[in-house]
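The following paragraphs lead the reader through the structure shown below, one helix pairing at a time. It may help to keep the sequence at hand while reading.

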Amino acid sequence: MVKRITFATLILLSIFGLWSGIQYYRRNLETLQSSGLDGALFIGLIILGISVLLMPLQLRTTWEKWSAWGLVREYVIRFSLIIGTLLAIFLVFGLIAFIITLPARAGRGYLILPWLIVLVPLVMVMIDLAKQNIKRTAKNFVLGFGLYAFRIYGLLLIQFVTIPVAFVLFPAGFFLQLLSLGDLVARWGFNVFVGERPLLCDWFNLLDSCTPGLISLHVGHLILALLAAKFGQTLFDRASDWYRNSLEKMTSWVEPA
């Protein structure tokens, strides 16, 4: 009975502490915003709230092991560990966000994408050097950076070329073909008014050359789709082989630890 009362008291005290923190945050929000502390306190309340929710589950899993006093000691230790772990996670993600947004903080928001392109392989090669997966030399740093950059962006380049082209030529392209043919049949075959000009002429802004442009779009798409169907897989396989062989060659240049 004493242990149950102790358990309930600990939970109620935690909930009261969370509720008091929330009320303090609400009452002093303007002051906290003016001092720049509102974000930190808000994150602290999130951490506290998660800890309050997790603690009953944590204590219930080891309920039989503890006396009333042992329950208090376990609560304090586990509560501190959960808060410390969550705080460390938030700090790590906060540091990552701070590093990523450095160009924007310096008033150069347009540099965020180039910064990320450089930052990702840089972090990965620094991790390898720190773990001594490769020898700590300037040559390995440069080669490792180039290897990770090629591994990430070479693969993305193949994917970003292949996927959009395949989508435009096949599902999107044939959908436009059918839509345009349906528009032309309704317009010229059944004399249905569906607009002053054919649909694709309006969409692609073909003002003075509607008929030649429409023919070019239909015929050109079909020719490109046939070429892609015939040679696309071969070209993709060659690009994949080139990527794999280049990756193996670059990996062999890096000296292992």
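**Helix packing and nonpolar cores**

In this predicted model, α1 passes α4 in a right-handed crossing. The axes of these two helices, α1 and α4, come within 9 Å and cross at roughly 25 degrees. Because angles under 35 degrees count as roughly parallel, α1 is described as roughly parallel to α4. On the α1 side, the contact is formed by Val 2, Lys 3, Thr 6, Phe 7, Leu 10, Ile 11 and Ser 14, and on the α4 side by Ala 68, Leu 71, Val 72, Tyr 75 and Phe 79. Sorted by class, the contact of α1 with α4 comprises nine nonpolar, two polar and one charged residues.

Helix α1, which covers residues 2-27, also packs against helix α3, residues 38-61. Here the axes come within 10 Å and cross at roughly 165 degrees. Since angles over 145 degrees count as roughly antiparallel, α1 is roughly antiparallel to α3. The crossing of α1 with α3 is left-handed. Among the α1 residues that make this contact are Arg 4, Phe 7, Ile 11, Ser 14, Leu 18, Gly 21 and Tyr 25, while α3 contributes residues including Asp 38, Leu 41, Leu 45, Gly 49, Val 52, Leu 59 and Arg 60. By class, the contact of α1 with α3 has 14 nonpolar, four polar and three charged residues.

One residue of this contact, Gly 21, deserves a separate look. Gly 21 lies in α1 and has a relative accessibility of 18%, so it counts as buried, the limit for that class being under 20%. Its C-alpha atom is separated by 8.7 Å from that of Leu 41, although the two residues are 20 residues apart along the chain.

The discussion now turns from helix pairs to the cores. In soluble globular proteins, nonpolar side chains tend to be buried together. In this model, the largest nonpolar core has 15 residues, and those with the most contacts inside it are Phe 7, Met 55, Leu 59, Leu 71, Tyr 75 and Phe 79. At least two residues of this core are supplied by each of α1, α3 and α4, the last of these spanning 68-100. Helix α4 provides the largest share, five residues. Met 55, one of the core residues with the most contacts, is in contact with Tyr 75, Arg 78, Phe 79 and Ile 82 when its neighbours within four places in sequence are left aside. A second, separate core of 11 residues includes Val 125, Ile 134, Tyr 148 and Phe 150.

Further along the chain is helix α7, residues 138-189. Are its residues Ser 180 and Val 165 buried or partly exposed? Ser 180 has a relative accessibility of 1% and therefore counts as buried. Apart from residues up to four places away in sequence, Ser 180 touches Leu 200, Leu 214 and His 218. Val 165, also placed in α7, is partly exposed, with a relative accessible area of 42%. Val 165 and Ala 225 are 60 residues apart in sequence, and their C-alpha atoms are 9.8 Å apart in space.

Key: Residues numbered from 1 in each chain as written. Predicted model: local features only at pLDDT ≥ 70, side-chain atom pairs only at ≥ 80, totals over all residues. Heavy atoms only, no water. Helix = DSSP H or I, 4+ residues; strand = E, 2+ residues; numbered from the N terminus. Buried < 20%, exposed > 50% of the residue type's maximum accessible area, 1.4 Å probe, protein only. Axes fitted to C-alpha atoms, helices over the stretch in contact; angles between N-to-C directions. Parallel < 35°, antiparallel > 145°, perpendicular 65-115°, else oblique. Left-handed = near helix turned anticlockwise from the far one by under 90°. Contact = heavy atoms within 4.5 Å. Nonpolar A, V, L, I, M, F, W, Y, C, P; charged D, E, K, R; others polar. Core = buried A, V, L, I, M, F, W, Y, C linked by side-chain atoms within 4.5 Å.
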